[in-house]
Amino acid sequence: MALLEICNLTKSFGDFAAIDKVSFSVEAGEFFTLLGPSGCGKTTLLRLIAGFDAPDTGQIILDGMDITQLPPEKRPIHTVFQSYALFPHMTVADNISFPLKMSGELPAEIKARVKQALNDVQLTKFGHRFPQELSGGQKQRVAFARGLINRPQLLLLDEPLGALDEKLRVDMQRELIKLQKDSGITFVFITHSQNEALALSHRIAVMNHGTIKQIDTPSQIYNFPDNYFVANFIGKINSLNAQVLAITDQQLELEVTGLGVVKVLSKEAVNVGAQGVIAIRPEQVTIKYYSTPEEAVDGFLGKVKDFLYVGDVTTYLVQLPNGACIEALTPNATPGRTQFFNIGDPVVVNWEYASGKFLKNEA
Amino acid sequence: MKHDQQINKNNRLNRYLISWPPLLFLLVFFALPSLIMLLTSFRFPGEFGGLAPIAPTAEETNHEYGLTLETYQFFFSDIIYAEIFLKSLTVAAITTLICLVMAYPLALFIARSQKRFRNLMIMLVILPFASNFLIRIYAWMIILGPESAFSYLINTILALFGIAPVTLLFSSFAVLVGMVYVHLPFMILPLYTNLEKHDPVLLDAAQDLGANSWQRFWRITLPQSLPGIFAGSALVFIPVLGMFAVPDILGGTGDILIGNLIKDQFLGSRDWPFGATLSIMLTLVVLAIVGLVTWLARPANRQTITNDGT
């Protein structure tokens with residue numbers, strides 16, 4: 001049975017439905033991420049789970065018990081806040097021991113567990129410091145330790161890595177994965193960063209406009225997005241307008257406007273004549289030189305319009321005969337090479353049959 | 001760079017230009033008078049008030065002159081002065097405590113109200129300052145007077161329990177009421193300023209980690225408001241110690257405080273040196289209390305769990 005079940009949850013502020021009939025469940029021991037652009041309702045959802053706000057309708061069930069009406073202090077759920085929310089008048093040790101004191105542990109027990117917790121987050125020497133004497137990364141670790149020490153059934157994390165600089169964030173991501181694995185506590189993580197979500201999670205729920213667009217593992221979400229929003233929000237995607245011509249057993253035949261017929265794997269049920277886009281990830285697009293049109297037997301002819309060199313990869317923008325542009329990502333594996341194609345070079349654009357996906361237009 | 005140095009120089013010059021007027025003001029109107037007061041306390045009183053001359057004059061050589069420790073000997077020779085000091089300290093302490101207990105919930109209420117109502121409420125708190133201090137105290141004479149509705153109400157209630165009627169005016173009770181009334185805004189304002197700055201997410205965090213509303217107050221709000229409590233207490237305690245108008249108007253004959261004593265030395269008994277001595281002693285007592293509180297409140301004296309044995 002799932003540890004956390006969200007059933008038909010709705011929360012409106014005036015006319016605005018921040019959360020609209022959301023249902024999903026989180027398994028015990030899972031690292032579950034709510035991903036979405038700002039304003040998609042993910043923070044509202046977190047506040048509902050933590051108990052700071054009450055839903056208009058729906059239920060929150062934790063470990064088989066309906067906790068919808070329970071105040072935050074009675075829920076076995078702790079939160080790591082975006083701003084850390086460390087108590088400025090308490091030392092690091094006092095901050096970490098706070099949940100234990102609230103649940104009435106004995107002083108000796110508290111002391112031992114705080115020592116262990118400080119050790120777990122590599123802050124053994126910092127117990128007597130005050131929060132304002134710590135760096136951003138250290139504060140972050142104190143917040144994790146404080147959230148985990150009383151072993152909540154669920155730990156909510158509200159964009160906890162948002163305030164850290166890029167390099168520290170990557171280190172902290174590894175640390176977070178380790179903390180989750182070692183503690184075995186179920187994490188519900190909130191972020192607007194797709195990289196963070198893909199790197200950390202067991203499963204991701206992509207949200208937009210108060211609803212969940214897709215729930216799946218990171219690789220499924222990335223490789224097999226259910227709809228255009230998910231495809232476009234997670235990573236970069238090329239999309240060309242297309243219409244379904246024919247449906248065979250395993251594949252769809254698409255008429256791509258101005259280009260011709262393209263075949264893709266059929267995943268979901270669509271009807272002949274359905275309008276949509278064919279979507280291909282830039283790193284799955286290959287481009288090759290050609291000198292005569294006869295060399296371009298397989299693929300579309302195009303012209304390099306622009307390129308962007310970012311170190312590890314170069315992104316080429318190629319204009320297709322129908323006027324649309326397609327991005328191709330090529331890794332810079334050979335040292336000393338900054339670019340392979342020049343602006344204006346004629347190229348053949350191609351991708352593997354399995355890379356293309358048809359995503360129908362949403363009604 | 002030369003240009004930058006010029007700017008730095010100008011900055012420093014500006015800082016001096018800005019800070020010398022208040023410095024000069026404090027020097028002329030605080031440091032200098034304190035010094036004069038200290039010197040006065042070591043002098044002899046003049047025959048008709050004022051001070052006796054430092055050096056003997058030609059026409060009057062038999063008068064006392066020069067410097068002396070006489071006033072200090074006099075102060076310590078009679079227990080009554082220590083008693084009045086103790087009584088004044090008690091009144092100041094009780095006033096401070098009542099103000100704190102009354103002001104804290106109000107300050108908290110204002111700080112947690114919607115932003116657009118806060119300024120209005122704070123304005124209402126300081127509104128009494130718009131009318132004259134003495135008029136407000138005389139108003140309390142009427143409120144507490146034997147003919148007042150308030151007195152009537154109190155005595156009617158007391159009569160129900162079979163207690164003889166009491167006179168509210170010209171008593172220690174009236175003095176305390178007046179003191180609290182006058183000084184309450186001085187407690188509310190610093191408390192509000194402090195409480196308004198508290199980050200509400202800390203209360204969310206505490207609640208999330210298992211603290212009920214009582215625990216949230218004791219462990220999060222109260223400790224963070226200590227600077228406000230200290231500031232408000234100082235703003236009430238110190239002026240109450242020196243206050244003479246309230247006991248003069250609302251108090252009885254037995255309600256004399258240090259403030260009245262000092263005032264009497266200068267205006268009534270015309271013993272300036274002894275008045276100065278009392279002032280100096282009062283200043284020393286205040287400084288000692290402030291020092292003690294500061295020492296008690298320093299971070300090293302707070303209890304913390306340390307895990308590395310340090």
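Student: How many residues from chain A and from chain B take part in the contact?
Tutor: The contact takes 34 residues from chain A and 24 residues from chain B, where contact means heavy atoms within 4.5 Å. Keep in mind that this is a predicted model, in which local features need pLDDT of at least 70, side-chain atom pairs count only at pLDDT 80 or more, and totals for chains, interfaces and linings use all residues. Residues are numbered from 1 along each chain as its sequence is written, and side-chain values use heavy atoms, with hydrogens and water left out.

Student: And how much area do chain A and chain B bury between them?
Tutor: About 2500 Å², with 63% of it on carbon and sulfur atoms. Buried area is the accessible area (1.4 Å probe) that two parts lose on being put together, summed over both.

Student: Which residues in chain A lose the most area to chain B?
Tutor: Those are Glu73(A), His89(A) and Met102(A), together 25% of what that side buries.

Student: Cool. How many salt bridges go across the interface?
Tutor: The rule finds one across the interface of chain A and chain B. A salt bridge here is a side-chain nitrogen of Lys or Arg within 4 Å of a carboxyl oxygen of Asp or Glu.

Student: Which residue forms a salt bridge with Arg47(A) there?
Tutor: Asp204(B) does, and the closest N and O atoms are 3.6 Å apart. Arg47(A) also meets Asp53(A) in a salt bridge, at 3.0 Å from N to O. That links Arg47(A), Asp53(A) and Asp204(B) in a network of salt bridges.

Student: Why does Arg47(A) count as partly exposed?
Tutor: Because its relative accessibility is 26%. Buried means under 20% relative accessible area, exposed means over 50%, and partly exposed is in between (1.4 Å probe, protein chains only).

Student: New topic: helix H4 of chain B. Which residues there are buried?
Tutor: In H4(B), Arg118(B), Met121(B), Ile122(B) and Val125(B) are buried. They sit on the same side of H4(B) because they cover an arc of only 100° around the axis. The arc is that of the directions from the helix axis to the C-beta atoms. Helices (H or I, at least four residues) and strands (E, at least two) are DSSP runs, numbered from the N terminus.

Student: What about the other side of H4(B), buried or exposed?
Tutor: Over there, Arg116(B) and Asn119(B) are exposed.

Student: And what covers the buried residues of H4(B)?
Tutor: The cover includes helix H3 (79–111) and helix H7 (172–196) of chain B.

Methods
Chains lettered and ligands numbered in written order.
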